[in-house]
Amino acid sequence: MCGIVGGVAERSITNILIEGLKRLEYRGYDSAGLALVDHGQILRERRVGKVANLEQAVEESAIVGSLGIAHTRWATHGKPTENNAHPHISGRVAVVHNGIIENYQELKDDLEALGYNFTSQTDTEVVAHLVHEALKSTPDLLKAVEQVVPQLKGAYALGIVDTEYPDELIAVREGSPLVIGVGIGENFISSDQLALLPVTNRFIYLEEGDIARLTRETIEVFVNGQPVERPIKELDATISNATKGEFKHYMLKEIYEQPEAIQQTISQALNGNALRTDFLENAEVDFKNIKQVQIIACGTSYHAGMIGKYWFEQLSGLPCQVEIASEYRYRSPVIVADTLYVCISQSGETADTLAALRDTKKRAAEKGLNISTMTICNVATSSMVRETNHHLLTLAGPEIGVASTKAFTTQLAVLMLLILKIGQVKQAISPEKIEEITTEMWHTPKVILDTLQNDKEILRLSELFVEKQHCLFLGRGTEFPIALEGALKLKEISYIHAEGYAAGELKHGPLALVDNDMPVVILAPKDDMLDKLKSNMEEVQARGGELFVFADENSGIKNKDRQHVVNVPSVSTWLAPIIYSVPVQLLSYHVAVLRGTDVDQPRNLAKSVTVE
Ligand code: F6R
């Protein structure tokens with residue numbers, strides 16, 4: 001999704017802006033641009049496609065400047081063209097923008113009536129013209145921006161410069177993330193702190209409604225025109241560990257990082273085979289009273305939530321609902337007192353999940369209902385973490401590949417820890433059961449390592465998918481969400497159409513698709529449903545379908561004609577969804593590489609979906 005980088009310094013910041021944009025590439029974009037203020041002029045370059053194209057253009061034009069803003073655009077209003085790329089300029093003013101200005105058409109009509117010509121189809125251009133217009137009556141850039149912001153409806157973050165203010169950078173956060181990077185004699189802004197790690201590890205996280213004025217030496221933050229204090233936070237050095245290392249893609253690296261990520265994640269909660277006494281201590285009172293759980297999430301995080309539902313109900317006996325945030329937020333769900341609302345999100349910034357959280361809190365407050373909110377998240381500084389009563393972090397480290405892998409499996413680990421904690425507080429899970437599950441959790445990293453040993457075999461099988469157009473994934477119980485997840489992974493990075501189904505649904509429709517050109521991936525742990533799953537496999541084979549089975553090594557499922565079996569280490573039912581995620585990730589990865597797609601940045605997708 002769109003990315004912002006900006007800065008004000010004594011040195012030229014051209015290369016800092018380009019490097020920052022490169023670090024935002026993982027978020028997904030289709031064009032890039034930058035504007036520098038130099039000797040009373042705005043120097044701008046914009047290019048469609050990769051940041052490398054912009055870099056080349058900037059090298060050729062040799063533009064420099066010590067004040068500037070830059071942007072990667074993910075098209076929402078208007079196609080990915082050079083004219084639509086940011087920054088947008090209105091005379092002396094240049095603007096970059098993330099998010100959406102919902103009332104842009106109305107504003108555009110008014111501005112056109114005032115004589116402004118629009119050179120793009122974007123919603124952003126109205127902001128540049130509005131600031132330009134405001135500067136006619138308000139000879140102060142900050143004041144002009146403060147005058148414009150109340151006119152804008154929607155969720156957005158802005159970076160604004162003006163040639164008349166060559167030492168000032170204005171930043172606005174209203175519904176879309178923005179951080180200030182605090183340097184020495186220079187200051188920066190970005191929509192993602194990762195972009196600024198080469199220049200600083202000290203950050204100010206702007207809050208909704210903040211407008212900031214940065215100069216080389218000062219940072220001032222205002223809310224409704226009044227100065228406010230925002231703390232500077234120093235970032236943990238481990239977060240900067242965001243390079244591909246020896247791996248060909250971030251996705252592969254992140255798949256291989258899962259043993260360590262799970263180890264880190266469970267270590268925060270476990271002391272030997274018991275839950276640490278300080279784990280979620282502050283939440284105990286809330287947990288005692290909750291009567292049900294509502295999970296809200298999108299995409300892969302939603303699949304984690306689906307597994308959470310199985311676990312919550314089987315282990316803690318608490319009713320649990322799980323819903324896609326974009327549906328939940330618009331269907332006026334009934335808010336029930338004593339519900340624990342759990343948002344699951346890698347980024348903590350996903351627009352629909354965040355909006356669903358905010359609506360739920362607002363409606364509960366209006367009705368005087370007592371609810372608790374919690375975020376399961378990979379980014380400690382994210383909006384969701386800040387806006388919920390409690391949070392649990394997946395300590396997966398930065399996830400750069402657009403396709404979520406280690407964030408997903410650590411979400412599952414965290415969900416299990418949460419369920420054990422709630423079960424303990426409510427005395428719904430026996431200490432013996434907690435000990436049994438935590439013992440298994442400690443084995444997870446090793447079992448993942450063993451499962452990764454199948455990589456070469458999975459690579460060999462993936463060659464059989466390269467020419468396929470469609471694929472089915474089947475599972476039962478907690479492997480049903482893994483089937484959905486496997487299908488999502490395959491389609492998003494290899495562009496092969498894939499569907500995940502509960503294997504029991506086969507006869508109710510999808511069996512009609514099965515023929516000798518249809519690969520069917522089966523997830524077959526050794527559980528109570530194994531015999532039923534074997535019958536489903538027979539149904540597929542009888543129709544000529546080719547089976548690719550990730551099966552428990554003791555399942556008795558063997559290689560035969562048109563049935564390829566990859567043995568997965570034997571694990572308990574509780575751990576199976578984490579372990580079976582690994583082969584489906586590897587399969588999708590290898591198929592995508594063989595098909596030559598952009599694995600880490602698949603077309604049309606963004607890492608952090610901060611607009612609806
Ligand atoms: C798919 C994927 C997406 C995200 C979804 C939610 O591999 O990564 O489906 O899971 O966009 O994002 P978060 O978890 O950041 O809320």
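Visitor: What makes the meeting of the Arg23 and Glu19 side chains a salt bridge?

Guide: A salt bridge is a side-chain nitrogen of Lys or Arg within 4 Å of a carboxyl oxygen of Asp or Glu. Here the N to O distance between Arg23 and Glu19 is 3.0 Å, so the pair fits that rule. Bear in mind that this is a predicted model, where local features need pLDDT of at least 70, side-chain atom pairs count only at pLDDT 80 or more, and totals for chains, interfaces and linings use all residues. Residues are numbered from 1 along each chain as its sequence is written, and side-chain values use heavy atoms, with hydrogens and water left out.

Visitor: Why do such side chains pair up at all?

Guide: Side chains of opposite charge can pair when their charged atoms come close.

Visitor: How many residues apart are Arg23 and Glu19 in helix H1?

Guide: Four, which puts about one helical turn between them in H1, residues 14–24. Helices here are DSSP runs (H or I, at least four residues), and strands are runs too (E, at least two), numbered from the N terminus.

Visitor: Why is Arg23 called partly exposed?

Guide: Buried means under 20% relative accessible area, exposed means over 50%, and partly exposed is in between (1.4 Å probe, protein chains only). Arg23 has 29%, so it lands in the middle class. Glu19, with 31%, is partly exposed as well.

Visitor: What about Lys143 and Glu146, what makes them a salt bridge?

Guide: Their N to O distance is 3.9 Å, so they pass the cut-off for a salt bridge. Both sit in helix H5 (residues 141–148), three residues apart.

Visitor: Is Glu146 buried or exposed, and how do you know?

Guide: Glu146 counts as buried, because its relative accessibility is 18%. Its partner Lys143 is partly exposed at 44%.

Visitor: Which salt bridge joins two buried residues?

Guide: Lys253 and Glu257 are both buried, and their side chains meet at 3.0 Å, N to O.

Visitor: How many salt bridges does the structure hold?

Guide: It holds 33. Arg173, Glu208, Arg358 and Glu387 are even linked in a network of them.

Visitor: What makes the patch with Asp109 negative?

Guide: The patch is formed by Glu106, Asp109, Asp110 and Glu112, and Asp and Glu count as negative, so the name fits. Patch residues have over 30% relative accessible area and no salt bridge, with like charges joined within 9 Å. Asp109, in helix H3 (residues 104–113), has 42% and is partly exposed.

Conventions: Patch = residues over 30% accessible without salt bridge, like charges linked within 9 Å, V, L, I, M, F, W, Y side chains within 5 Å. Areas by Shrake-Rupley, 256 points an atom, 1.4 Å probe, with all protein chains shown as cover. Charge placed at Lys NZ, Arg CZ, Asp CG, Glu CD.
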